Every structure is written in structure tokens, then in C-alpha cells.
Amino acid sequence: MVAEVTLRDVAHASGCSIATVSRVLAGTRPVGAETARTVREAAARLGYRPNQVARALRSRSTGIVGLVLPQITNPFFPALVRELEHALHAEGRALLLADCDDDPQTEAARISAFLDRQVDALLVMPVDERHSRDAVASAAERVPLVLLDRGCGPGVADSVAVDNSAGMALVLEHLAAQGRRRPFFVGAAGTASAAVERHAAYEAGAGALDPDGPGRVALGDFSVEWGRAAVDRLWPSRPDAVVCANDLIAVGALQRLRQLGAEVPGEVAVTGFDDIPLAGLADPALTTVRQPVAELAAEAARLLGRGGAGGAPGSRRTVRLTPELVVRASSGSPARDVTPGH
């Protein structure tokens, strides 16, 4: 076995004291530039690696943030995880990931396991606004915790998410400008806050296109399979716009409409939400609401760094970020509005 290189070894090789070597490698106190260079060169030459476990025991800080998310198979989440890792790494923190497969009980177990491993903080994208609340509230009393993308109700923890209502309003305004007058909403059932907010925003705004619009709703889950199945339910009513609560639903809807011979966007427009990479690759390319993923991650990291665990509910911060509508081919003007030569 290769012996572990110690601070004492680096001190001997650099000609500096152990205390000086420790200050250089930990960055805790200023050290002269020449001395710092000598120490770092000696450490690199010997292959010194700091003992993170020992450092954590001394500082009572692991430098680790636990992230609990609903389902890693949703392409929106890996993009957000990537930005979170970058934002936390820039602060010298590491990210550990747990998938709870959209199950509140599994989510509670994952949160508990992270706390047992002494993580410094938690990021949680709750499965369900109501059923996730107890586990999240309990954890927020023990470590800094930020809710990301989804909420658990007021006062539970700091949270950052996109403004779902504003995003849906952008979709409906765009469809109205395109002359669409018979929208149908395909969303997700349950009480995940993103699902609830997008559904509510559709119901609040669809009446401007058609008084009967708010009632044309089908709820399932955030999946391609549900998007396909929903089209079989809604297509007999011949809507001229299918407003989907996320891009996975929208891609499924596009696939099924194509199988049924429907012209998109000639007969029916289709819109999504999130702007996952698949949205631009769909056929036709999908009009959708882009979430500011890098900004979500940066704001989550900032909120984690601002405070400790516990605190009065009134001190909780809720941040809502502005979305952007990305218009692509799936929501062009209805065929009846297309003028020859245009």
C-alpha cells in the first residue's frame, strides 16, 4: 500500500512549518506569495490530497449540499442539476443527488438519509406541495434548506422558482395573437406546485380566447405517454391549440397528433413549458416557455448561503424569476389565417 502523504511530509519538502503549510493549503490566512508557491509545488510534487473527513470533523462542516429531486428521468432536472453543481463548486461545495421517483415517502427517507450524513444544507424539489411539507419543514429546522422549482406552501423554507403564472400568460397571449380561439389544456394531476400553478394560470387566462376555454382541461402526469393519451381524449373536440404543462407532455401530444394526421400548426398549435433540449428537436420544433435555469441555480446557491436553519416563517424568502417565451414552428398561424404569399 502507498503511504498517505501528510502535512508533515509537505512541510519537510517545502522547508516550511506545518502551521504555514496548513494555512497555505486551507487558505485560512494570508501567506507570502513565494512561500505559498513553494508549499503548493511541494504538495503537487508529493501528490498530497487533503483529508476531507478530518477537515469536516475539525470545522464541523462537510462542504456537501444534498439535492432531492422528484425524478431524474425528466430532462429538465439534469439541466438544472448541472447548473447547481457549477454554482456550488464555485463556492467550494460539493453536490450529492438523490432521486425519489415522485414518491413523498421515498422523498422523506432521502431527506432523512442526507441529514444522517451531516450535509451542510439541502436543496429540495418537492414531489407534492402538501405531502412533502412535514419532511421539508422538519429538515429546514436543522439545516439551511431551499425549495427549488416547486414549493411547499408559505413559510416552510426559502424558495426559488420560475413565475409559472407569467409563463402561462405569455403562452395564451401568443396563441391569441395567432388567432387561436379553442384552447385545450393538458396538465398534471396532484398538488405539485408547478402543476397547480400552471393549471390555475391557464384557467384564469383562457377565457380571453374563449369563454368555454377554462373548462377544456385534461390532467394526468408530466410524461410523454400522458401527452399521447390526452390527445385521444381531446381531439374529437377539435381544439385549435393544445397548451401543455411541460415539454414532455407536448412532445407526446405532437407525436399522437401526427399519427392521427392532424396538421401542426395548420389545424392545431401545440405549446410546452420548460424548454428542455428535446423541444427544439421536436417535429415541428416546439414553442415553449424557457425557464432561466442558470439563474435558478445561482439564486438557490445565494439563498443557501444567506442563512442558517430554523428562523421565523416571516423571514422566509420567496423568489420568482421571469420566464421567456420561445416561439417555434409548432404554434404558427392557423391555416385559415394564412394569406397566400405570406
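Reader: In what order do the four strands of the open sheet run?
Author: Keep in mind that we're looking at a predicted model here. The sheet is open and its pairing is parallel. Reading across the four strands, the order is β7-β6-β8-β9.

Reader: Which strands sit at the edges of that sheet?
Author: An edge strand here pairs on one side only. That fits residues 217-220 and residues 269-271. So, by the definition of pairing used here, at least two bridges between strands, the edge strands are β7 and β9.

Reader: How many bridges join β6 and β8, and what is the bridge partner of F184?
Author: Strand β6 covers residues 183-188 and β8 covers residues 241-244. They pair in the parallel sense over four bridges. As for F184, its partner in β8 is V242.

Reader: Which helices lie across β6, β7 and β8?
Author: One is residues 193-205, running at about 165 degrees to β6. Another is residues 224-234, at about 145 degrees to β6. Their names are α9 and α10.

Reader: Is α8 parallel or oblique to α9?
Author: Helix α8 spans residues 164-177, and its axis comes within 8 Å of the axis of α9. The two axes cross at roughly 40 degrees. Angles under 35 degrees would count as roughly parallel. The crossing angle therefore makes α8, relative to α9, oblique.

Reader: What classes of residue make the contact of α8 with α9?
Author: On the α8 side you'll find N164, S165, M168 and L172. From α9 come A194, E197, R198, A201, Y202 and G205. By class, that's two charged, three polar and five nonpolar residues.

Key: Residues are numbered from 1 along each chain as its sequence is written. This is a predicted model: local features need pLDDT of at least 70, side-chain atom pairs count only at pLDDT 80 or more; totals for chains, interfaces and linings use all residues. Side-chain values use heavy atoms; hydrogens and water are left out. Helices (H or I, at least four residues) and strands (E, at least two) are DSSP runs, numbered from the N terminus. Contact means heavy atoms within 4.5 Å. Axes are lines fitted to C-alpha atoms, for helices over the stretch in contact, and angles run from 0 to 180 degrees between N-to-C directions. Angles under 35 degrees count as roughly parallel, over 145 as roughly antiparallel, 65 to 115 as roughly perpendicular and the rest as oblique. Ala, Val, Leu, Ile, Met, Phe, Trp, Tyr, Cys and Pro count as nonpolar, Asp, Glu, Lys and Arg as charged, and the others, Gly among them, as polar.
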